[in-house]
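Got the viewer open and a hand on the mouse? Let's take a walk through this one, stop by stop.

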Amino acid sequence: MSATHEEWILQLSGYIDGGLSGDDRSALEAHLAECGECRQTLADFRSVVARAGELGDMLPARDLWPGIAGAIGAPVSTRGAKVIALPTVSGAGQAPAGIFLSRPQLAAAAGILMLISAVATWTVGPGLAAVDATDVATAPAQESETRFASEAAEAPPSLAEELRSLESALGDLGNGLDPNTLHIIHRNLSVIDRAIEDSRRALALDPGSDFLEEHLVRAWERKRDYLQSAVRVVEWNG
Amino acid sequence: MSGLALALVLLSGLAQPDTAVAVGRGDQVVVQHISGEILVRGWERAELEVVGDDGEAVEVRVTRAGNRLVIGSDDRRGRRNADFTLYVPRWAPVEIVGLELDVRLEGLDAGASVQNVEGDISVRGTAGSLAVTTVDGEVTVESVRGAVRVDAQADDVVVRDVIGDVRVTSGTGDIDLIQIDGDHVFAETIDGELTFVGPLHAGGTYEFSTHSGDADVTVPPEVSAEVSVSTFDGDFASDFPVTLRRSSTGQRFSFTLGGGAASLSIRVFDGEIRLRQGRGRP
């Protein structure tokens, strides 16, 4: 198999999930034996999967752009609300041309590694297919309410350090919080994390989307803002 | 102060229990470390009073630190549970910090801030800057002249009849901004519906964003704005005649209403965007 480096990487998720055929698995293992970079990526993969206590919602079932493309440049009716009908994703012929994530991208955003499961799904059914969350192995949810699992390393570099610091502060200070308050904080953080994950997946499907890039960054900023608020709350009541 | 059951303990020793406390111009009234239900109401007198609800005794401590009159318990750990009405001069700014507080503010003219963890917060008929931060509880703001900032994490926020800039964020709650007359309006929720009704001023910026939920924006028919609409997975409906222009990349498009004097941005990851004509809530 004369696969490119990216193609080897794209197979790693299937390898972890046991979804590769015997030949593909053997070929990949042979490559892994020779390629330290892919071995490291595989280790990253496994680390992320192990930490994936909670996955986001299923991938949205529809993509806006195909539906509005025909409306570009065309006046929209003023008779009442004009709804631009959008096709469902299950239709044929809407498969992304392909996604190639570089090793640095993967390393910088380890969460995107989980997207490879989605890529594996595409090979079976093209299009912006919903990702079956069960394709990705999950670790048991974090039991300790006062620990705030950090994924700050996956955040934009400008936010990573601050997020790490805030998560640490909240973890240190949160021990004295009312359990219900802690529950609320965790719940809201999980909502934000889900939004981040949704955005990552969407961006992987449409890497050139400035909207999705901004949306993802904004989701991280929202998490930072939330953590700041949570830390303030803890400090008020500490 | 009929029916008052109040014990005011002034550390400064300047007043006896059951007396009102003088408030000077430049003083700030601060409520700290109280849990319960409190109503803060502005009045014309230059003093504050704490009145227990239903004649129940209220024992709080009032301390002065510089120009801050602090109403609270003896220490941070000794949080008191108390339900009371606090009368303050209309012209005195008010700050409230609580853990489990239901708060109502009425008739304050010099701005207020509320930082709370659990409990509903209601503000009505105030002027000056208003800032509310809460983790869990509904926030309702009505009839306010001045900038409004609300940071709610887990519940709905309703802001109605405001003259001034508005900034509202919520984690998992809906945001309703009804009859907002400001130059700069920003609302963002992660998991909730978003509604805006109001004019768009020339030079003004209006940004609405929800990750999972619908955005419903109603503006006057004669609106003049550059509009940017972005969504990953959703529908767009418009009462206005629009010609869509796609941005260079992604699921973002724009159009111009009237002369394009204001800037309106609506971003929805997964939900519907509706742009309506109107002057009131549909």
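Start with the largest nonpolar core, which has 104 residues. Select B:Leu86, B:Val94, B:Val141, B:Val150, B:Val159, B:Leu177 and B:Phe196: these touch the most other members of that core. Now bring up helix 9 of chain A, residues 179-205, because the largest share of this core, 11 residues, comes from there. Keep in mind as you click around that what you're looking at is a predicted model. As a bit of background, nonpolar side chains tend to be buried together in soluble globular proteins.

Next, zoom in on one of those core residues, B:Val94. Which residues is B:Val94 in contact with, once you leave aside its neighbours within four places in sequence? Select B:Val29, B:Val40, B:Val88, B:Leu105, B:Leu108 and B:Ala112, and you have them. There is also another core, lying apart from the largest one, with 5 residues. Among them are A:Trp8, A:Ile9, A:Leu28 and A:Leu42, so pick those if you want to see where that core sits.

**Chain B, strand by strand**

Colour chain B by secondary structure. How many helices and strands does chain B have? The count is 0 helices and 27 strands. Of its 282 residues, 48% count as buried. Look at its contacts with a separation of 6 or more, too: residues 24 or more positions apart account for 44% of them.

Now select three strands of chain B and go across them. Strand 11 (residues 121-127) is joined to strand 13 (residues 139-145) by 6 bridges, and the two run parallel. Strand 13 in turn pairs with strand 15 (residues 157-163), again in the parallel sense and over 6 bridges. To follow a line across, click B:Thr126, which stands opposite B:Val144 in strand 13. From B:Val144, hop over to B:Val162 in strand 15, which stands opposite B:Val144.

While you're here, check two backbone angles. B:Ser143, found in strand 13 of chain B, has a positive phi of about 55° although it is not a glycine. Is B:Ser143 buried or partly exposed? It is partly exposed, because 15 other C-beta atoms lie within 10 Å, and a residue counts as buried at 20 or more. Then go to strand 15 of chain B and select B:Asp161. Its phi is positive as well, near 55°, in a residue other than glycine. B:Asp161 has 16 other C-beta atoms within 10 Å, so it is partly exposed.

**Over to chain A**

Select helix 8 of chain A, residues 157-173. This helix has 17 residues and reaches 25 Å from its first C-alpha to its last, close to the 24 Å expected at 1.5 Å a residue. Show the side chains of A:Leu163, A:Leu166, A:Glu167 and A:Leu170, which are buried. Why do they sit on the same side of helix 8 of chain A? Because they cover an arc of only 105° around the axis. Spin the view and you'll find A:Pro157, A:Glu161 and A:Asp172 exposed on the other side of this helix.

For the last stop, keep A:Leu170 selected and add A:Val234. The two are 64 residues apart in sequence, yet 7.6 Å apart in space, C-alpha to C-alpha. A:Val234 lies in helix 10 of chain A, residues 210-237. With 21 other C-beta atoms within 10 Å, A:Val234 is buried.

Technical notes: Residues are numbered from 1 along each chain as its sequence is written. Chains are lettered from A and ligands numbered from 1 in the order in which they are written. This is a predicted model: local features need pLDDT of at least 70, side-chain atom pairs count only at pLDDT 80 or more; totals for chains, interfaces and linings use all residues. Helices (H or I, at least four residues) and strands (E, at least two) are DSSP runs, numbered from the N terminus. A residue is buried if 20 or more other C-beta atoms lie within 10 Å of its own, exposed if 12 or fewer, and partly exposed in between; C-beta atoms are placed from the backbone. Two strands pair if DSSP finds at least two bridges between them. Two residues are in contact if their C-beta atoms, placed from the backbone, lie within 7 Å. A nonpolar core is a set of buried Ala, Val, Leu, Ile, Met, Phe, Trp, Tyr and Cys residues joined through C-beta atoms within 7 Å. The expected span of a helix is 1.5 Å times one less than its number of residues. The arc is that of the directions from the helix axis to the C-beta atoms.
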